[in-house]
Amino acid sequence: MEDKEDVADRIAEYQTFVDQVLRPELQTVQRSAGETVQELKDYNDLVNRLHRLEPLAQVDLGHQKVFCQAEFDPDNIILVHVGMGFHVELTIPE
């Protein structure tokens, strides 16, 4: 059977591993999960806005401070940013 010093040393090793490896990885994963949740909220917001669009709408030109009237054809193509600089062309029903 191991003596108390060996057990204490093993506990210290595990504590060091948890503090130096696992906690930073956990923080990274939590940050990434938060970003993913925010992206999902943004896409849901986009879908809701697209369903409420009318052929004549107020369009935000800058950080919800400047708006203008815009007229558009509901069958037009919109560009959706999907990440890493890529955009997908979609119609509003899509």
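Is R23 buried, partly exposed or exposed? Click on that residue to start: with a relative accessibility of 46%, R23 counts as partly exposed. Bear in mind along the way that you are looking at a predicted model.

**Stop 1: the salt bridge at R23**

Keep R23 selected and add D19. Their side chains meet in a salt bridge, with 3.0 Å from N to O. Both residues sit in helix 1, four residues apart, so about one helical turn separates them. D19 comes out at 36% relative accessibility, which means it is partly exposed too.

**Stop 2: the other end of the count**

How many salt bridges does the structure hold? There are two. For the next one, select D45 and R49, whose closest N and O atoms are 3.4 Å apart. Here again the spacing is four residues within helix 1, so D45 and R49 lie about one helical turn from each other. D45 is partly exposed at 35% relative accessibility, and R49 is partly exposed at 44%.

**Stop 3: a look at K41**

Stay on helix 1 and pick K41. At 52% relative accessibility, K41 counts as exposed, because the cut-off for that class is over 50%. If you want a distance to draw, go from the C-alpha of K41 to the C-alpha of L61: the two are 20 residues apart along the chain and 21 Å apart in space.

**Stop 4: the largest pocket**

Now go back to R49, which you already have from its salt bridge with D45. Which residues come closest to the centre of the largest pocket? R49 is one of them, together with L53, A57, Q58 and V59, out of 19 lining residues. Show helix 1 (4-52), strand 1 (56-62) and strand 2 (66-71) as cartoons, since these are the elements that each give two or more residues to that lining. Strand 1 has the largest share, with five residues. The pocket holds about 550 Å³ of space. Colour its lining by class and you get 11 nonpolar, three polar and five charged residues.

**Stop 5: the second largest pocket**

Next, select Y43, L46, V47, L50, H51, I78, V80, L90, T91, I92, P93 and E94. Together they line the second largest pocket, whose volume is about 170 Å³. Which element gives the most to this lining? That is helix 1, with five residues. Strand 3 (77-83) and strand 4 (86-91) also supply at least two residues each. By class, the lining has nine nonpolar residues, two polar ones and one charged.

**Stop 6: the hairpin**

You already have parts of strand 3 and strand 4 on screen from that pocket, so finish by showing both strands in full. They run antiparallel and are joined by six bridges. To see one pairing, select L79 and look across to strand 4, where its bridge partner is E89. Then follow the chain into the turn: the two strands form a hairpin with two residues between them. M84 is in that turn, and its phi is positive, about 55°. While you have the side chains showing, remember the usual pattern: in a regular strand they alternate between the two faces of the sheet.

Key:
Residues numbered from 1 in each chain as written. Predicted model: local features only at pLDDT ≥ 70, side-chain atom pairs only at ≥ 80, totals over all residues. Heavy atoms only, no water. 1 Å grid on protein atoms, 1.4 Å probe; cavity = no way out; pocket = protein on both sides within 12 Å on 5 of 7 lines; lining within 4 Å. Points joined across faces, edges and corners; volume = space filled by probe spheres on them. Nonpolar A, V, L, I, M, F, W, Y, C, P; charged D, E, K, R; others polar. Pairing = 2+ DSSP bridges. Salt bridge = Lys/Arg side-chain N within 4 Å of Asp/Glu carboxyl O. Buried < 20%, exposed > 50% of the residue type's maximum accessible area, 1.4 Å probe, protein only.
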